[in-house]
Amino acid sequence: QVQLVESGGALVQPGGSLRLSCAASGFPFGNAYMGWYRQAPGKERELVASISTSSIQYYADSAKGRFTISRDNAKATVTLQMNSLKLDDTAVYYCYAIYFSQYWGQGTQVTVSS
């Protein structure tokens, strides 16, 4: 059974940092394409960042220069380090995995507010 469990969401002030983690199980993590989406209230879910099996990273324009995605295949985790957070980063952040099918976590809330 595939499981993706996110953690690290919180309330943070603008300019602050957060580190989101996703613990994966139920599939060969090293063979999966991993990433993070987010969904803000009233908006469609959008890709934030992704990382391939060979650790090639992709970032949405909104994340470039501020966010860093990484993976630890030994621990089956993918991490999103978010710096210089803005009000517009407020959203539910979802971990996803692609291994023949696409899988989603339950999401973790990130709120950027002063």
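**Figure 1. The whole chain, strand by strand.** Read from one end of the sequence to the other, the chain follows the pattern β-β-β-β-β-β-β-β-β-β-β. Please keep in mind that this is a predicted model. The tally of secondary structure is 11 strands and 0 helices. Along its principal axes, the C-alpha trace spans about 40 × 25 × 25 Å. A compact globule of 114 residues would have a radius of gyration near 13 Å, and the chain agrees with that, at 13 Å. Of the 114 residues, 42% count as buried. The accessible surface comes to about 6,000 Å², and carbon and sulfur atoms account for 47% of that surface. Among contacts between residues at least 6 apart in sequence, 54% join residues at least 24 apart.

**Figure 2. A close-up of the disulfide between C22 and C95**. The structure holds 1 disulfide, and here C22 is joined to C95 with an S to S distance of 2.1 Å. The two cysteines bring together distant parts of the chain: C22 sits in strand β3 (residues 18–25) and C95 in strand β9 (residues 91–99), 73 residues apart. The torsion about the S-S bond is about -75°, so the disulfide is left-handed. Are the two cysteines buried or exposed? C22 has 0% relative accessibility and counts as buried, and C95, also at 0%, counts as buried too.

**Figure 3. The surroundings of T79 in strand β8**. T79 belongs to the strand that runs over residues 77–82. With 9% relative accessibility, T79 counts as buried, because the cut-off for that label is under 20%. Which residues does T79 touch, once those up to four places away in sequence are set aside? They are R19, L20, S21, W36, T68, I69 and S70.

**Figure 4. Salt bridges, with R38, E46, R66 and D89 in one network**. Side chains of opposite charge can pair when their charged atoms come close. The count for this model comes to 4 salt bridges. R38 pairs with E46, and their closest N and O atoms are 2.7 Å apart. The partners in this pair have their own accessibility labels: R38 is buried, with a relative accessible area of 5%, whereas E46 is partly exposed at 36%. In another salt bridge, the side chains of R66 and D89 meet at 2.7 Å, N to O. R66 lies in the loop between β6 and β7 (67–72) and D89 in the loop between β8 and β9, so this pair ties together parts that are 23 residues apart in sequence. Both R66 and D89 are buried.

**Figure 5. The salt bridge between K64 and D61**. Here the side chains of K64 and D61 meet at 3.1 Å, N to O. D61 is exposed, with a relative accessible area of 65%.

**Figure 6. A nonpolar patch on the surface, built from Y33, Y58 and I98**. How much area does the patch made by these residues have? The answer is about 260 Å². I98 is found in strand β9, the strand that also holds C95 of the disulfide. I98 is partly exposed, with a relative accessible area of 36%.

**Figure 7. A10 and its contacts.** A10 is placed in the loop between β1 (3–7) and β2 (11–12). At 31% relative accessibility, A10 counts as partly exposed. Leaving aside neighbours within four places in sequence, A10 is in contact with L18, Q109, V110 and T111. A useful pair of landmarks for this view is A10 and Y93: they are 83 residues apart along the chain, and their C-alpha atoms are separated by 11 Å.

**Figure 8. Two loop serines with positive phi, S55** **and S84**. Most residues other than glycine have a negative phi. S55 has a phi near 65°, and S84 has a phi near 50°. Where do these serines sit? S55 is in the loop between β5 (46–51) and β6 (57–59), while S84 is in the loop between β8 and β9. S55 is partly exposed at 38% relative accessibility, and S84 is partly exposed with a relative accessible area of 42%. The loop that holds S84 also holds D89 of the salt bridge with R66.

How values were computed. Residues are numbered from 1 along each chain as its sequence is written. This is a predicted model: local features need pLDDT of at least 70, side-chain atom pairs count only at pLDDT 80 or more; totals for chains, interfaces and linings use all residues. Side-chain values use heavy atoms; hydrogens and water are left out. A disulfide is a pair of cysteine sulfur atoms within 2.5 Å. Helices (H or I, at least four residues) and strands (E, at least two) are DSSP runs, numbered from the N terminus. Buried means under 20% relative accessible area, exposed over 50%, partly exposed in between (1.4 Å probe, protein chains only). Contact means heavy atoms within 4.5 Å. Patches are made of residues with over 30% relative accessible area and no salt bridge: like charges are joined within 9 Å, nonpolar side chains (Val, Leu, Ile, Met, Phe, Trp, Tyr) within 5 Å. Accessible areas come from the Shrake-Rupley method with a 1.4 Å probe; for residues, only the protein chains shown count as cover. The radius of gyration is taken over C-alpha atoms; the globule rule is 2.2 Å times the number of residues to the power 0.38.
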